Amino acid sequence: MELTNNEKKVLNTLFKDVKGTTRNTMLVALYAAKPIDDESPDAQALITLINGLIIKLAELEQPEMEVLFAGIPYNVD
């Protein structure tokens with residue numbers, strides 16, 4: 001699965017110190033990380049980014065999720 005640098009940054013921020021998790025826990029954590037929609041451009045951009053990431057992750061099978069999680073922390077230089 002291809003991830004953008006911004007998607008990788010979100011995953012790094014949320015899961016860089018996590019040693020193990022489940023697919024559902026990752027999805028719930030992403031949903032919880034969404035900011036309140038105050039209609040600011042920053043909030044809108046982050047909500048759009050996280051919603052897209054949730055959709056991508058929700059479509060993955062277990063082996064793909066394991067590969068995705070194993071890549072954290074991603075290099076985003």
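The buried residues of helix H4 pack against H1, H2 and H3. This is a predicted model. H4 spans residues 62-70. Its buried residues are Met65, Leu68 and Phe69. Seen down the axis of H4, they fall within an arc of 95 degrees, so they line one face of the helix. On the other side of H4, Pro63, Val67 and Ala70 are exposed.

**The core**

In soluble globular proteins, nonpolar side chains tend to be buried together. Here the largest nonpolar core has 18 residues. Leu11, Met26, Leu30, Leu53, Leu57, Leu68 and Ile72 touch the most other members. H1, H2, H3 and H4 are the elements that give two or more residues to this core. H3 gives the most, with five residues.

Leu68 ties two of these themes together. It is one of the buried residues of H4, and it is among the core residues that touch the most other members.

Leu11 belongs to that group too. Leaving aside residues up to four places away in sequence, Leu11 touches Leu3, Lys16, Met26, Leu53, Leu57, Leu68, Ile72 and Tyr74.

**Helix H1 and its cover**

H1 runs over residues 5-15. Its buried residues are Glu7, Val10, Leu11, Asn12 and Phe15. What covers them includes H2 (23-33), H3 and H4.

Leu14 also lies in H1. Is Leu14 buried or partly exposed? It is partly exposed, with a relative accessible area of 31%. Beyond residues up to four places away in sequence, Leu14 touches Ala29, Leu30 and Ala33. One of these, Leu30, is among the core residues that touch the most other members. Leu14 and Ala45 are 31 residues apart in sequence, and their C-alpha atoms are 17 Å apart in space.

**H1 against H3**

H1 and H3 pack at an angle of about 85 degrees. Their axes are 10 Å apart. The two helices are therefore roughly perpendicular to each other. From H1, the contact is made by Asn6, Glu7, Val10 and Leu11. From H3, it is made by Leu49, Ile50, Leu53, Lys56 and Leu57. Leu53 and Leu57 also appear among the core residues that touch the most other members.

**The salt bridge**

The count of salt bridges comes to one. It joins the side chains of Glu7 and Lys56, at 2.8 Å from N to O. The pair links distant parts of the chain: Glu7 sits in H1 and Lys56 in H3 (residues 41-58), 49 residues apart. Both residues take part in the contact between H1 and H3.

How accessible is each partner? Glu7 counts as buried at 5% relative accessibility, because the cut-off for buried is under 20%. Lys56, at 26%, counts as partly exposed. Not counting residues up to four places away in sequence, Glu7 touches Glu2, Leu49, Leu53 and Lys56. Glu7 thus shares a contact with Leu53, a residue that Leu11 touches as well.

The residues whose accessibility is given here as a percentage are set side by side below.

| Residue | Relative accessibility | Class |
|---|---|---|
| Glu7 | 5% | buried |
| Lys56 | 26% | partly exposed |
| Leu14 | 31% | partly exposed |
| Asn75 | 58% | exposed |
| Glu39 | 68% | exposed |

**Backbone features**

Two places in the backbone deserve a look. Which bond is cis? The peptide bond that joins Ile72 and Pro73 is cis, with omega of about 5 degrees. Pro73 is in the segment after H4. Its partner Ile72 is among the core residues that touch the most other members, and Ile72 is touched by Leu11.

The other place is Glu39. Its phi is positive, about 65 degrees, although Glu39 is not a glycine. Glu39 is in the loop between H2 and H3. At 68% relative accessibility, Glu39 counts as exposed.

**After H4**

Asn75 is found in the segment after H4, as is Pro73. Asn75 is exposed, with a relative accessible area of 58%. How far is Asn75 from Lys9? The two are 66 residues apart along the chain, and their C-alpha atoms are separated by 8.8 Å.

Note on methods: Residues numbered from 1 in each chain as written. Predicted model: local features only at pLDDT ≥ 70, side-chain atom pairs only at ≥ 80, totals over all residues. Heavy atoms only, no water. Salt bridge = Lys/Arg side-chain N within 4 Å of Asp/Glu carboxyl O. Helix = DSSP H or I, 4+ residues; strand = E, 2+ residues; numbered from the N terminus. Buried < 20%, exposed > 50% of the residue type's maximum accessible area, 1.4 Å probe, protein only. Contact = heavy atoms within 4.5 Å. Arc of directions from axis to C-beta. Core = buried A, V, L, I, M, F, W, Y, C linked by side-chain atoms within 4.5 Å. Axes fitted to C-alpha atoms, helices over the stretch in contact; angles between N-to-C directions. Parallel < 35°, antiparallel > 145°, perpendicular 65-115°, else oblique.
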